[in-house]
Every structure is written in C-alpha cells, then in structure tokens.
Amino acid sequence: MATIKKTIKINGKGIHSGAPVVMEITPTSMHGIFFQRSDIKDSEPILAVYNNVGDTSMRNTTIGSVAGAHVQTIEHVMAALFMAGIDDALIKIDGPETPILDGSAMQFYESFASMVDGAPQRKKIIVRRPVVARASEVRRTLGLWTQIKLWFFEKMSGRRNNGYVKLMPGTDNSLEITATLEYPEKIIGRQTYSYTYRKDEQSVSDFFENIARARTFGKYSEWEYLKAHGMGRGADETNVIALNNSGDGTLNALIWPDEFVRHKIIDIIGDMYTSGGFLVGTIESYKGSHALNNLALKKLFSDPTNYDIITVK
Ligand SMILES: [Zn+2]
C-alpha cells in the first residue's frame with residue numbers, strides 16, 4: 001500500500017466559489033482515497049469512488065451529495081494521486097471545492113510524487129467486455145430543470161449532444177486513452193490525443209512532460225454566464241485558458257496548440273481513478289465529459305461479467 005509520508009498542505013481558491021481553501025492530504029490506514037470536509041462538524045470521510053460521485057453537471061466531478069457534505073472538482077487531484085502512485089490518502093478540505101491552482105494537475109502531482117510512502121499495491125480492474133456511455137443517456141438521468149439548462153447551454157455554445165465514452169478490453173497491462181474534442185471554436189476545432197499508462201517510469205514521465213501542465217479551459221462569454229449563475233467565480237486568466245468571444249484565439253498564451261485535449265486526458269485519468277484502482281483497458285472518449293466518464297464506470301460495474309478485479313503488487 002502506498003500513502004503519503006506526511007501531511008501536505010495546499011492553499012488556493014475554488015474555481016466555482018472563488019473562496020480561499022486549504023486542502024490537507026494526510027496519511028491514512030484506511031484503504032482508498034477519501035475526501036472529508038473539515039469545516040463541517042462531524043462530517044465523515046467520503047470514499048472517492050464512482051458510486052459516491054454526486055453531481056457532474058457543473059463540468060467537474062463532485063464527490064458526496066450536493067445537498068450534504070461534498071467536495072467539488074476532485075478530478076485533477078485524483079489524476080495526480082493516481083500518477084504519483086498513491087493508493088490511500090485522507091484529503092481534508094475546509095470548503096466545498098479543491099483549490100484550482102493553475103487549472104492543471106502539475107502542482108498537485110509535484111507535491112505528491114516526492115512524498116509517496118510504500119509501494120503502490122493497486123487493485124487492477126480489468127475491462128473484459130466493452131461498455132459505452134452516450135451523452136443522450138446522461139441527459140435522461142438529469143432532472144428536467146438541468147436538462148433545460150443544458151439544452152440552453154448547448155444552443156448558446158453551438159455544441160451537439162453526441163459525445164460518448166467507451167471502455168474496452170485492452171491489449172496488455174495498460175490504460176490506453178484516446179480523447180477527441182470537437183468544438184465550433186476555431187482555436188480548438190477537432191483535436192485528438194492519446195496517452196498510455198503502463199505503470200512504468202516512461203509513461204509517468206510522459207504524463208509529467210506532456211500532460212500534467214495542461215490547463216482547464218472555458219469561453220470568456222460562458223464565464224460571464226457562469227458567474228451570473230454563481231459558478232466560475234474563481235476563474236481568471238491564471239487558472240483557466242480563456243477563449244475569446246469569436247473563438248479564434250485565447251486571452252492567455254497556450255502551452256501547446258492542443259492543450260485543450262491534453263487537459264481532457266487529465267480529467268479522464270482522474271475520473272477513472274474513481275473506479276477504486278488501476279483500470280486496465282482502452283478508453284475512447286469523443287466529446288467526453290465527467291458525466292460520461294461516471295456513467296461509463298457505472299455501466300462497467302453494473303455487470304460482473306464486464307470486468308475482473310485483481311490485487312497485485
Ligand atoms: Zn479538468
């Protein structure tokens with residue numbers, strides 16, 4: 001089992017609330033990644049697994065129920081924990097959201113990677129049969145009001161509801177991810193990126209070099225909309241790539257022209273870690289989302305013939 005050597009404190013602000021937060025990643029003897037609200041009396045640690053994921057409609061992944069104690073935007077922290085090889089950790093946070101930092105996974109990864117205690121003894125979840133989650137199915141699981149809001153949002157942004165996430169059996173001991181984005185905004189357009197995690201140093205340094213610093217993104221005009229609706233209040237040029245209103249440029253400089261889709265890889269790695277282990281298989285994400293990632297895992301685990309679980313060193 002690998003946990004964290006000693007407590008790490010990370011300060012920042014939430015991207016939605018804009019409020020300052022202190023996150024403490026502490027060693028634990030419990031098995032798994034847990035989030036706990038330190039600002040709510042008697043709040044229990046919540047295991048960061050797919051069936052504890054509450055809401056994904058705000059374009060992030062929330063653990064716990066939205067009505068109760070919950071933590072939003074866990075995906076970048078989860079991706080960094082997975083890549084650093086941390087199986088067990090208790091993450092205490094004094095607000096409803098993880099700190100957004102620079103919008104990427106880099107600072108999380110750098111603080112965790114040097115603090116690993118023990119050898120990862122990761123549960124392998126091997127995909128045996130393909131499952132696919134489609135955007136149209138996600139839509140049907142939402143409340144009517146959310147469906148209307150999403151419809152409006154898509155209409156406004158010119159996006160279509162035809163995305164999917166497929167989980168398929170892989171060829172070896174790896175998690176092979178291919179993500180494709182397709183946006184009407186010219187600066188993004190169609191972008192595809194593939195990344196394979198093999199539990200070796202090569203694939204970890206590939207993540208470090210080419211993926212970890214890719215930032216989250218949003219359209220400037222959508223920010224205004226989100227802010228008017230109490231979301232995205234902490235978003236600014238230091239933590240989000242902001243697309244300009246005509247969609248042909250960004251207000252802040254890109255690290256890579258395809259930084260957008262590289263960021264999607266972080267989101268997928270983080271969300272797939274809510275499987276509770278190392279998901280072995282192939283993932284194809286087309287216009288993916290946190291909701292699709294979550295539905296794909298729910299479908300995978302809904303039938304025991306879809307997967308095998310093996311615990312290995
Ligand atoms: Zn993200």
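Here are legends for a few close-up views of this predicted model. Residues are numbered from 1 along each chain as its sequence is written, and side-chain values use heavy atoms, leaving out hydrogens and water. Local features need pLDDT of at least 70 and side-chain atom pairs count only at pLDDT 80 or more, while totals for chains, interfaces and linings use all residues.

**View A. The zinc ion and its protein donors.** His76 (NE2), His263 (NE2) and Asp267 (OD) sit 2.0 to 2.1 Å from the zinc ion. Donors here are N, O and S atoms within 2.8 Å of the metal (3.2 Å for Na, K and Ca); water is not among the atoms, so sites may look incomplete. Along the chain, the donors follow the spacing H-x186-H-x3-D.

**View B. Two donors in helix α7.** His263 and Asp267 are four residues apart in α7 (residues 259–272), about one turn of the helix. Helices (H or I, at least four residues) and strands (E, at least two) are DSSP runs, numbered from the N terminus. His263 is buried at 1% relative accessible area, and Asp267 is buried too, at 7%. Buried means under 20%, exposed over 50%, and partly exposed in between (1.4 Å probe, protein chains only).

**View C. The buried side of helix α2.** In α2 (residues 106–113), look for buried Met106, Phe108, Tyr109, Ser111 and Phe112. These residues pack against several elements, including β2 (8–13), α1 (75–84) and α5 (201–210).

**View D. Phe35 and its contacts.** Skipping neighbours within four places in sequence, Phe35 is in contact (heavy atoms within 4.5 Å) with residues including Pro45, Ile63, Val77 and Thr98.
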